[in-house]
Structure formats: structure tokens, C-alpha cells
Amino acid sequence: MTNKDKTNSMGNEHVHTDFINKMTYGDYLQLDTLLDSQKRLSGHHDEMLFIVIHQVSELWMKLILHELRASIEAIKAGELSPAFKMLSRVSKIQSQIIHAWDVLSTLTPSEYIEFRDDLGQASGFQSYQYRMIEFALGYKTPHVLEIYKKDPILLTQLKEAYEAPSLYDVAILALATNGLNINEDIMNRDVTKPYREDESVLNAWTKVYEDTEKYWDLYELAEKLIDIEDWLQQWRFRHMKTVERIIGHKKGTGGSSGVGYLKKVLDHQFFPELWAVRTNI
């Protein structure tokens, strides 16, 4: 039978069926590797749910980092329009991760306790991609690097992310580039230190919001940043409520205080002046 005969038998002459020497969908996505990566440590049915949810979230975080890094470079280069598309994509990805908690919340305390001990001290608290996202957004705490000493290559990558300017650092640079007065101490600050609210930055954003026609690109950038922080806080909230629903106020497997820690980080703001400006104008 010829290739044409094979495709015709499918009822559609445009459908390819002969892949002896050609790449398939599964080949391209390396599905054999991907779908063989769910290794349950217990015999419990619901451990598969637990693994898949976390693996899917890590894949989404990989894409978030891909978009954040590119947007930072675009803003540094003064190319704000491409950055807007990337940052909008980040927000859409964040909504997907938030909905993942809805699926995980179908896991009950009685089910989770059946395989929780098999996790040992492994915990989502140790997600290095999540730490890189925090670094990219400007939240940098040196003690978290201690977790990754086991892997020197990974530790090097994390240190590079830790020492790089954040999304907010380059946004503030864009304010200055567009003629708005920014304190020199902020412009020359050590980007490895946690960012602290600055009056000159607040005044600059205030001018942007009071004259959106003149500063339209900066205004749009500000709103993209607010979208990202808003979605991240919603992600954190859903994370906290899902953990509380499943394990109550037990300590996390990684040694954190669990719900207590997750509630505490809800108070942190990545872009404080962009929240303060709403009261200021």
C-alpha cells in the first residue's frame, strides 16, 4: 500500500501515517521521558495526583522564568512593547498555576497522610524555580541559597539570578531614562539586597499616573507589574488555603511552619510604590 493509500484509508488524504523515518508529535515533545517521570514512592493511588500537579507547576514556572528574563532584557534595552507581551503572558500562566491548587485540593487529609512520610524532607519550599521567580521580581533572601549547596551547578545558577537586576530594578531604570528624577542611591543600590520603598520612586510613579498621556508606556508597564504581583499574591493565598485544607497547621515536610509561613509571606510586596501610588494620587 502506498503512503497515499494509507492516508486515504484514514478518510483524509492530508493525514500522515508513515513515520518510520520522520519525527512524530511524541518524539518532538519527548513524551516517553516526560510521561515516565511520575515515580510514586508509595502504592497509594493519590500520590500520582500530587506528583503531576507539582510537575505541571514546575513546567509553568519554567515558562514564567523564560518570559521574565526576556522582558527584563527588553526593558533594559528600552524596548517596552515586546516586554508588555511577555509580561501579559506571565499573568496568564500564573492563572493556570492558581487553578492547579483547585485540583490538588481534591486530596483529603486522610488520603495525603497515607503517603506523606514517603516524601521525607522534600518540600515545595525547596523549589529552585520558585526562588528564581522571587529573585527576578526582586525578593532576595540569602539564607535560601543554603538549601541548594548539594548541587554546585544549580547553586551557581541561583547565585547568578540572585545577583542580577530584578524586573523592578529595570522598571525604575526606565523611569530615570524617561527623565523622571530617581534618587542616585536607588540607581546604584546593591541589587542583592531586599528592595525598600523610596520616596523618589513613589514620586516618579505618581507623575506617570497623573499624566498617563505623556508617560503612556511607563503607565502600561506599571499596570503589567501590578497584574503580576496581584496574580502572585492570589497564587500564594490559594497555596496557603490548600495546605491548610490538607494538613491544617502541621509543619511542612521541609521544616517550615507550613500555613504560618505561607500566611506571613502574603504581607510582602514586590513593587511597593505601585501600591502606594493608588493612595497618593
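Contact here means heavy atoms within 4.5 Å of each other. Helices and strands are DSSP runs numbered from the N terminus, with H or I over at least four residues for a helix and E over at least two for a strand. This is a predicted model, where local features need pLDDT of at least 70, side-chain atom pairs count only at pLDDT 80 or more, and totals for chains, interfaces and linings use all residues. Residues are numbered from 1 along each chain as its sequence is written, and side-chain values use heavy atoms, leaving out hydrogens and water.

**View 1. The whole chain, built with 14 helices and 0 strands.** The C-alpha trace spans about 70 × 55 × 35 Å along its principal axes. Of the 281 residues, 43% count as buried, that is, under 20% relative accessible area (exposed is over 50%, partly exposed in between; 1.4 Å probe, protein chains only). Take the contacts with a separation of 6 or more: 69% of them join residues 24 or more positions apart.

**View 2. Helix α7 meets helix α8.** Two packed helices are described by the angle between their axes and the distance between the axes. Here α7 (residues 128–137) and α8 (residues 152–163) have axes that come within 9 Å and cross at roughly 15°. That makes α7 roughly parallel to α8, since angles under 35 degrees get that label (over 145 is roughly antiparallel, 65 to 115 roughly perpendicular, the rest oblique). On the α7 side, look for Tyr128, Arg131, Met132 and Phe135; they meet Leu154, Gln157, Leu158, Ala161 and Tyr162 in α8. The residues of this contact divide into 7 nonpolar, 1 polar and 1 charged. Nonpolar covers Ala, Val, Leu, Ile, Met, Phe, Trp, Tyr, Cys and Pro, charged covers Asp, Glu, Lys and Arg, and the others, Gly among them, are polar.

**View 3. Thr141, in the loop between α7 and α8.** Is Thr141 buried or exposed? At 14% relative accessibility, Thr141 counts as buried. Leaving aside neighbours within four places in sequence, Thr141 is in contact with Phe135 and Tyr162.

**View 4. The largest nonpolar core, with 77 residues.** Such a core is a set of buried Ala, Val, Leu, Ile, Met, Phe, Trp, Tyr and Cys residues joined through side-chain atoms within 4.5 Å. Leu68, Leu167, Tyr168 and Trp205 have the most contacts inside it. Helix α12 (residues 216–247) brings the largest share, 12 residues. Zoom in on Leu167: not counting residues up to four places away in sequence, its partners include Leu68, Ile72, Ala136, Leu225 and Phe271.

Notes. Axes are lines fitted to C-alpha atoms, for helices over the stretch in contact, and angles run from 0 to 180 degrees between N-to-C directions.
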